[in-house]
Amino acid sequence: MHLTTTEKAWLAGEDGPALRRAMEIIVALGQIYGAERLIPVASVQISGVSYRNLGQAGLDFLQQWAAEGAQVRVPTTLNPAAMDLEAWRVQGFKPEFATQQHAVIAAFAQMGVSAGQPHPTCTPYLIGNVPQPGEHLAWAESSAVSYANSVLGARTNREGGPGAIAAALTGRTGAYGLHLERNRCATLHVKVEASPRTSSDYSALGAQVGEHAGARIPYFTGLPLTRGEPFWEEKLKALGAALAATGAVALYHVAGVTPEARTVTPLAPEHETLTITELAPGYALFNDADAEIDLLWIGCPHASLAEIAHVAELVRGQRLRVPLWVTCARPVKEAATKQGFNAIIEAAGGQLFADACLAIAPVRALGFETVGTVSAKGAFYLRNLAGVQVQLKSVEEWIETVDGRR
Ligand code: F3S
C-alpha cells in the first residue's frame with residue numbers, strides 16, 4: 001500500500017504511541033481489503049459506546065488510548081450510549097452502571113470527540129454532521145452508514161469500533177469498498193408491488209429485503225415515494241436501518257429519489273430481481289408474543305423533530321396504559337422541549353430520552369419483558385441483544401393500542 005511521508009512517520013511512531021496504534025489499525029484494514037492507498041475522511045462516527053457492550057476491558061482500552069494523548073483530527077461524533085447521560089435515574093439505571101457509562105463518554109471527550117462535548121446519537125446527520133455528496137467518511141453505525149451512502153450520496157464503508165476510532169485519530173481510511181465508484185452499482189433489483197405508507201411499513205419492507213439481500217446493493221423501483229414529501233427522509237432512514245439489520249446492506253438506491261440512482265449506473269449487468277408484493281412477511285418477522293407490551297419504544301434510529309411532533313400530536317390529551325420512551329439526540333430533545341412536544345408526551349405518560357439506545361441497554365434488568373416498537377432494526381436487536389420479546393407496528397396503531405381511554 002502506498003503511504004505518504006507523513007503517514008509513514010505516524011506508522012513509525014514519530015508522533016507518539018496513540019497515532020502509531022491508530023495507523024497500524026488503518027493500514028491492517030486497508031491491506032485486508034486490498035486498498036492501494038489511504039484517503040482523507042471528512043468526518044467519523046464511532047460505534048461501541050455502550051458500557052454494556054464494551055465492558056471493563058473496552059473501557060480500559062479507551063482510557064489507555066486517551067491517556068496516550070490520542071486526539072481526533074476530523075469532526076467526530078458518537079453512537080448512542082445505553083442510557084440518557086442525564087436522566088438515567090428516571091430510566092432505572094443503577095449508579096454503578098451510570099458511573100462506568102459516563103467514564104466511556106469521558107474517555108471519548110478526552111480524545112476531542114465533538115470538541116469534548118459528545119452528544120451520542122445514531123443520527124449525527126440530524127444534529128449538524130451532514131456529509132456532502134461524494135465526501136469520504138468513516139462511519140460505524142450501520143443505519144447512519146446506510147443513510148450517508150444512500151440518501152446523502154457520501155461514501156463510507158461500515159467501520160468497526162476500533163477502525164472508526166483509528167480513522168478519527170488519523171483522519172484517514174483505506175480506499176476500498178464503497179469509497180470506489182465501481183463498487184456502488186446495485187446488484188439486486190427490488191420491484192416493489194406493495195404500497196408502503198408509514199415509516200414502519202418501510203422498516204418492514206427493509207427487513208424483508210435485507211434477509212434476502214445479504215451484503216448486496218438493492219435498487220428499488222415502484223416505491224410510492226417522492227423527494228420532499230412529508231417524512232420522506234424518515235421513511236428512508238427506517239428502510240436503510242432495517243436493511244442493515246436483517247442484512248448487511250450499507251448502500252441502496254431508490255429510482256427517482258436517491259442521488260446515485262441518477263448518477264451511478266444503478267444496476268450491474270448480472271443482477272437478481274426480487275419482487276415484493278406484500279409487507280406482512282416483514283411485520284411477521286417481529287411478532288413474538290400476543291402478550292401486552294410493557295414498554296413502547298419509538299426513536300430507532302433516533303427520532304427527528306418531525307417524528308416527535310407527530311408522536312405528540314397522536315398522544316395529545318391521552319393517558320397511555322404503558323410507558324412510552326422516545327429516544328433522540330440531545331439537541332433534538334432540546335428543540336422538542338422548546339416547542340412544547342416534550343410536555344405533551346410527558347402529560348400522556350411518555351418520556352423523551354436523549355443519548356440512549358434501548359437495544360444496547362440492559363432492558364430486562366430495567367424491568368421490561370415485551371417491547372413494542374415501530375422499527376424492525378430496533379426489534380431485531382432488542383430480541384438478539386437485549387433478549388426481550390418484540391412486536392412491530394406503526395406508530396398510529398401503537399398509540400391506538402395503548403390509549404388508556406379505550
Ligand atoms: Fe440507533 Fe440503537 Fe436503533 S443505535 S438505529 S436506536 S438500534
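How do the residues of the shell around the ligand divide into nonpolar, polar and charged? Keep that in mind for a second, and remember that what we're looking at is a predicted model.

Okay, here's the split: 7 nonpolar, 2 polar and 2 charged. Let me put names to them. Around the ligand you'll find Pro80, Cys122, Glu141, Ser143, Trp297, Gly299, Cys300, Pro301, Cys357, Ala359 and Lys377. The charged ones are Glu141 and Lys377, and the polar ones are Ser143 and Gly299.

Where does the ligand sit? The space it takes is the largest pocket. And the shell is shared out: domain 1, residues 5-181, and domain 3, residues 287-401, each give at least three residues to it.

Now, on to the sheets. One is an open sheet of 5 strands, and if you walk across it you meet β12, β11, β10, β13 and β14 in that order, with parallel pairing. At the edges are β12 (350-354) and β14 (389-392), and each of those pairs on one side only. On average, neighbouring strands here are turned by 25 degrees against each other, ignoring direction. Zoom in on β13, residues 370-373: β13 and β14 pair in the parallel sense over 4 bridges. One detail you can click on is Thr373, whose bridge partner in β14 is Leu392.

There's also an open sheet of 3 strands, ordered β3-β2-β4, and the pairing is parallel. Its edge strands are β3 (76-78) and β4 (137-139). Neighbours in this sheet are turned by 10 degrees on average, again with direction ignored. Strand β2, residues 43-46, runs parallel to β3, and 3 bridges join them. Ile46, for example, has Leu78 as its bridge partner in β3.

Terms used: Residues are numbered from 1 along each chain as its sequence is written. This is a predicted model: local features need pLDDT of at least 70, side-chain atom pairs count only at pLDDT 80 or more; totals for chains, interfaces and linings use all residues. Side-chain values use heavy atoms; hydrogens and water are left out. A residue is near a molecule or strand if one of its heavy atoms lies within 4 Å of it. On a 1 Å grid over the protein atoms alone, a cavity is a set of points where a 1.4 Å probe fits but cannot get out, and a pocket is an open set with protein on both sides within 12 Å along at least five of seven lines; lining residues have an atom within 4 Å of a point. A molecule sits in a cavity or pocket if more than half of its atoms lie within 2 Å of its grid points. Domain bounds come from an automatic or database domain assignment. Two strands pair if DSSP finds at least two bridges between them. Helices (H or I, at least four residues) and strands (E, at least two) are DSSP runs, numbered from the N terminus. Axes are lines fitted to C-alpha atoms, for helices over the stretch in contact, and angles run from 0 to 180 degrees between N-to-C directions.
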